[in-house]
Amino acid sequence: AFGHTLKDSFESFINERRNKPAELLAKFLDSKLGPCSKKETVKDMEGLIDKVMAIFRFLSSKDVFEAFYQKDLAVRLLLGKSASLDDEQTVVSKIKAQCGPQFSATLERMLKDIDLSRDLLSAFRESEESRDGRMGDVDLNVLVLRTGTWPKIPLCDLQMPVRLSNHQDVFRSFYLRQYP
């Protein structure tokens, strides 16, 4: 009875400010999973993630947490600022265990896009197109992302320099041969 009352009291307390605890918990995770975090041991990081998920269980606005976490995850992944993809995967799998596969599907697709892009880029760097001299000394880094998975950003009209446009064409022809 006391444990149940304590749980109910904590849940009531944590949700008094509606969406703010969810936002702050996502921001805390961002600070620990991002590039500025001090390197913690795997065991310490797992313990930290477990503690965050213990608080997450009490949030009534899990969807708000997910929106902030997704935006922060996108920034970390797209800019290569994640301290550890394994830790990112751990958080997503714990969210999935807590809330179900529907809730975590977008986060899982984001991580999958990064893995597939990494494999595709590795294959491109080993390909004839990459080594035939047309790429010069440019180190091309490409991410292929699914539409509808990543947070929306406004489109802008970009005029790429001819040299970069040529590199884009080389990669595009490689990609289209892989996925006709």
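Buried, as used here, means under 20% relative accessible area, while exposed means over 50% and partly exposed covers what lies in between. Keep that in mind while looking around this structure, which is a predicted model.

**Salt bridges**

Let's start with charged pairs. How many salt bridges does a search of the whole structure find? The search turns up ten. Three of them are set out here, each with its N to O distance.

| Salt bridge | Distance |
|---|---|
| Lys 94 and Asp 50 | 2.6 Å |
| Glu 88 and Arg 76 | 2.6 Å |
| Arg 146 and Asp 113 | 2.7 Å |

Take the pair of Lys 94 and Asp 50, whose side chains meet in a salt bridge. Lys 94 sits in helix α5 (residues 85-99) and Asp 50 in helix α3 (residues 42-56), so this pair ties together parts that are 44 residues apart in sequence. Lys 94 has a relative accessible area of 28%, so it counts as partly exposed. Asp 50 is partly exposed too, at 39%.

Now for Glu 88 and Arg 76, which form a salt bridge with their closest N and O atoms 2.6 Å apart. This pair links distant parts of the chain, with Glu 88 in helix α5 and Arg 76 in helix α4, twelve residues apart. Are these two residues buried or exposed? Both Glu 88 and Arg 76 are buried.

The third pair in the table joins Arg 146 to Asp 113. Here Arg 146 lies in the loop between α7 and α8, Asp 113 lies in helix α6 (residues 101-126), and 33 residues separate them along the chain. The partners fall into separate classes of accessibility: Arg 146 is partly exposed because its relative accessibility is 37%, and Asp 113 is buried because its value is 3%. Elsewhere, Lys 27, Lys 71 and Asp 72 are joined into one network by salt bridges that share partners.

**The largest pocket**

Next, have a look at the empty space. The largest pocket holds about 880 Å³. Its lining is made of 26 residues, and those nearest the centre are Leu 78, Leu 143, Val 144, Leu 145 and Ile 153. Two elements, α4 (62-78) and α8, give two or more residues to that lining. Which of the elements gives the most? That is α8, with five residues.

**A nonpolar patch**

Some of those names come back on the surface. Val 75, Leu 78, Leu 79, Leu 143 and Leu 145 make up a nonpolar surface patch, and together they have about 400 Å² of accessible area. Leu 143, one of the patch members, is placed in the loop between α7 (128-131) and α8 (162-178). Why does Leu 143 count as partly exposed? Its relative accessibility is 36%, and partly exposed is the class between under 20% and over 50%.

**Cysteines**

What about disulfides? A disulfide is a covalent bond between the sulfur atoms of two cysteines. A search of the whole structure finds zero of them. Cys 99 is partly exposed, with a relative accessible area of 26%, whereas Cys 156 is exposed at 66%.

**A few single residues**

Arg 18 is worth a look for its backbone. Its phi is near 55 degrees, which is a positive value in a residue other than glycine. You can find Arg 18 in the loop between α1 (2-14) and α2 (20-33). With a relative accessible area of 63%, Arg 18 is exposed.

Ser 104 is in helix α6. Its relative accessible area is 0%, so Ser 104 is buried. How far is the C-alpha atom of Ser 104 from that of Glu 16, and what is their spacing along the chain? The two atoms are separated by 25 Å, and the residues are 88 apart along the chain.

Finally, go to Tyr 175, which is placed in helix α8. Tyr 175 is partly exposed, with a relative accessible area of 26%. From C-alpha to C-alpha, Tyr 175 and Cys 36 are 34 Å apart in space, and they are 139 residues apart in sequence.

Definitions and conventions. Residues numbered from 1 in each chain as written. Predicted model: local features only at pLDDT ≥ 70, side-chain atom pairs only at ≥ 80, totals over all residues. Heavy atoms only, no water. Patch = residues over 30% accessible without salt bridge, like charges linked within 9 Å, V, L, I, M, F, W, Y side chains within 5 Å. Areas by Shrake-Rupley, 256 points an atom, 1.4 Å probe, with all protein chains shown as cover. Salt bridge = Lys/Arg side-chain N within 4 Å of Asp/Glu carboxyl O. Helix = DSSP H or I, 4+ residues; strand = E, 2+ residues; numbered from the N terminus. Buried < 20%, exposed > 50% of the residue type's maximum accessible area, 1.4 Å probe, protein only. Disulfide = S-S within 2.5 Å. 1 Å grid on protein atoms, 1.4 Å probe; cavity = no way out; pocket = protein on both sides within 12 Å on 5 of 7 lines; lining within 4 Å. Points joined across faces, edges and corners; volume = space filled by probe spheres on them.
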